[in-house]
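Open your viewer, colour the chain however you like, and keep the selection box handy. We will go from stop to stop, picking something to select each time and then looking at what is there.

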Amino acid sequence: MDTTKPASASSSNYIKNIVIEDLNTGKVNTIVTRFPPEPNGYLHIGHAKSICLNFELADEFSGRTHLRFDDTNPVKEDEEFVRSIQEDITWLGFEWEQLYFASDFFDEMYERAVRLIRKGKAYVCDLTAEQIRETRGTLTEPGQDSPYRDRSVEENLDLFERMRKGEYANGEKVLRAKIDMASPNINLRDPVLYRISHTHHHNTGDKWCIYPMYDYAHPLEDAIEGITHSICTMEFADHRPLYDWVVQECEMENVPRQYEFNRLSLTNTVMSKRKLKLLVDENVVDGWDDPRMPTISGLRRKGYTPEAIRTFCREVGVVKTNNSIVDEKMLEHFIREDLKLKAPRTMAVLQPLKVVITNYPEGQVEMLDAENNPENEAMGHRQIPFSREIYIERDDFMEEPIKGYFRLFPGNEVRLKHAYFIKCENVIKDADGNVTELHCTYDPETKSGSGFTGRKVKGTIHWVEATQAVPTEFRLYEPLILDEQAEEGESFLDNINPKSLEAVQGFVENNMRDAKPQDKFQFFRHGYFNVDPKHSTEGRPVFNRIVSLKSSFDPKK
């Protein structure tokens, strides 16, 4: 970094300001960050904030970022999660400098644990997990020393080696740090460093039957990799003294520093991996990539773009607070901003009502000109068919109009978008009195783009030509979780929104027949939609609504 031209400080990213100072003072020469997910689930929007923070900090200051899988708990880990995490990071637009697994360093971690034992800083304990919890103490009372705390170095070395060789059952023994059972920080009350788990590991196979705990492994990984700024969320702030203790007592050459930032939460959204997994396991959703899920893969399938997510993550800011609940409308705002110049604008009818234009020639099909995006002329124009039979939205007709209703009703005239004025002449109903069809007339002098100024109408409605329209399914989403506090005895599953998904059958323009998965469009009046990659078939796309067209959210506030 050229210290003669210092980078400007940020009012919304305090860690960036620390990085600038560290570089300008020579505390570090190269910024090295890492994104360290546990491969026990799919990434969500909260992880996206951490990904953007780590990768963008390193990119801005010509540093590097590692991707490291903290695979220290093989019971919950799976190769599927490893693949999905890599796919999500790549899709967001980032490239890691090095790919590591915590398990790459298991040998060194074991040797460092032996060093702690030799220094009298760790011991093998026979207490059960429940007994360890019971003797840990409280926020106001100190913990109790384990009866095994004073074992000799020689005995501890022998027992730890036998743990490694598999001589003991799961839970029979653990290795604990010897720090201070009276420490006001509970994390320093002789925390467990290793536990026994006779579990096959996706990366190391059956080499190990003891596995390091996260609080022991994580600082060692950072030190081994030469991480300069170890960035994590606020719940790890109380763990920082243990982080520093492990680095110091294991005598690591590189000394990383941990920095905490506010965790991201969205309204009407759960971020817990445990809860997200429960939604999948209970078939509340159709997988981790369900568009109602806050996972990156779910947002991608719904139709969000990496650009919108990156912008959102930057704008929410990086500060040191425990709570950061963001209105989901803020995320929606950024996808609208990103798509308004990118997405072609076209017409779709979600609740079709047939219209017969009785004075239009039978058998005639006319091609009309339509702009693809009036805010982006570079997207050009398309040709759309028009004939005697069309579909309009059912709610664009009202037999007995209310005050201020300017769309179609008996005797009223409206403009068809890109086409002509039509006037409702007759209403056709079935035996139950339901409106099944409208008979209208059109005025050929009123063709869109012809310069007609003879009269004006107050209403413009969209439509789809009936004989060539493509039948399709539209999936309309609302928040999956109702934003309410669960009553005592309830789980968050009791607050699932029963209207979170509504699937309706309608039509799109004929030029949409070949729409490809992940193609995005703005449908007149309905919002932005994405071609679903899971349920679409050739010639029959399924559309997920990404977001409606308007929101009350003000990004300036």
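Two strands are said to pair here if DSSP finds at least two bridges between them. Helices (H or I, at least four residues) and strands (E, at least two) are DSSP runs, numbered from the N terminus. This is a predicted model, in which local features need pLDDT of at least 70 and side-chain atom pairs count only at pLDDT 80 or more, while totals for chains, interfaces and linings use all residues. Residues are numbered from 1 along each chain as its sequence is written, and side-chain values use heavy atoms, with hydrogens and water left out.

**Stop 1: the open sheet**

Select the strands S21, S18, S19, S20, S14, S17 and S22, in that order: these seven form an open sheet with mixed pairing. At its edges are strand S21 (460–461) and strand S22 (463–465), each of which pairs on one side only. Now zoom in on strand S14 (residues 352–357) and strand S20 (residues 435–443), which pair in the parallel sense over four bridges. Which residue of S20 is the bridge partner of Ile357? Select Cys440 to see that partner.

**Stop 2: strand S25 and its two partners**

Next, select strand S25 (residues 520–523). Both of its faces are covered, with Lys520 and Gln522 buried on one side and Phe521 and Phe523 buried on the other. Buried means under 20% relative accessible area, exposed over 50%, and partly exposed in between, using a 1.4 Å probe and protein chains only.

Add strand S12 (residues 345–346), which pairs with S25 in the parallel sense over two bridges; here Arg345 has Gln522 as its bridge partner. Then add strand S26 (residues 527–531), where the pairing with S25 is antiparallel and runs over four bridges. Phe521 finds its bridge partner in Phe529 of S26. Three residues lie between the strands of this S25 and S26 hairpin, and Arg525 takes a positive phi near 75 degrees in it.

**Stop 3: helix H1**

Move to helix H1 (residues 14–24) and show side chains. Ile15, Lys16, Ile18, Val19, Ile20, Asp22 and Leu23 are buried. What covers these buried residues includes helix H2 (45–60), strand S8 (229–233) and strand S9 (257–261). At the start of H1, look for the side-chain oxygen of Asn13, which comes to within 3.2 Å of the backbone nitrogen of Ile15. That is a polar contact: a pair of N or O atoms within 3.5 Å, where within protein one must be able to donate a hydrogen and the other to accept it, and residues adjacent in sequence count only if both atoms are side-chain atoms. Just after H1, Gly26 has a positive phi of about 80 degrees.

**Stop 4: two loop residues**

Select Thr72, in the loop between strand S2 (64–69) and helix H3 (79–92). Is Thr72 buried or exposed? Its relative accessible area is 4%, so Thr72 counts as buried. Leaving aside neighbours within four places in sequence, Thr72 is in contact (heavy atoms within 4.5 Å) with residues including Phe106, Arg195, Tyr211, Tyr214 and Glu221.

Then jump to Ser152, in the loop between helix H5 (129–134) and helix H6 (153–165). Ser152 counts as partly exposed because its relative accessibility is 33%. Its side chain reaches the backbone nitrogen of Glu155 at 3.1 Å. Select Arg118 too: Ser152 and Arg118 are 34 residues apart in sequence and 9.5 Å apart in space, C-alpha to C-alpha.

**Stop 5: the cavities**

How many cavities of 30 Å³ or more does a search of the whole structure find? There are two. On a 1 Å grid over the protein atoms alone, a cavity is a set of points where a 1.4 Å probe fits but cannot get out, and lining residues have an atom within 4 Å of a point. Points are joined across faces, edges and corners, and a volume is the space filled by probe spheres set on them.

The largest has a volume of about 80 Å³. Select its lining: Tyr214, Asp215, His218, Pro219, Cys232, Phe236, His239, Leu242, Tyr243 and Gln258. Helix H7 (214–225) gives the most to this lining, with four residues.

The second largest cavity holds about 60 Å³ of space. Its lining includes Met347, Ile384, Trp463, Gln468 and Asn510. S22, an edge strand from our first stop, gives the most here, with three residues.

Technical notes. 1 Å grid on protein atoms, 1.4 Å probe; cavity = no way out; pocket = protein on both sides within 12 Å on 5 of 7 lines; lining within 4 Å.
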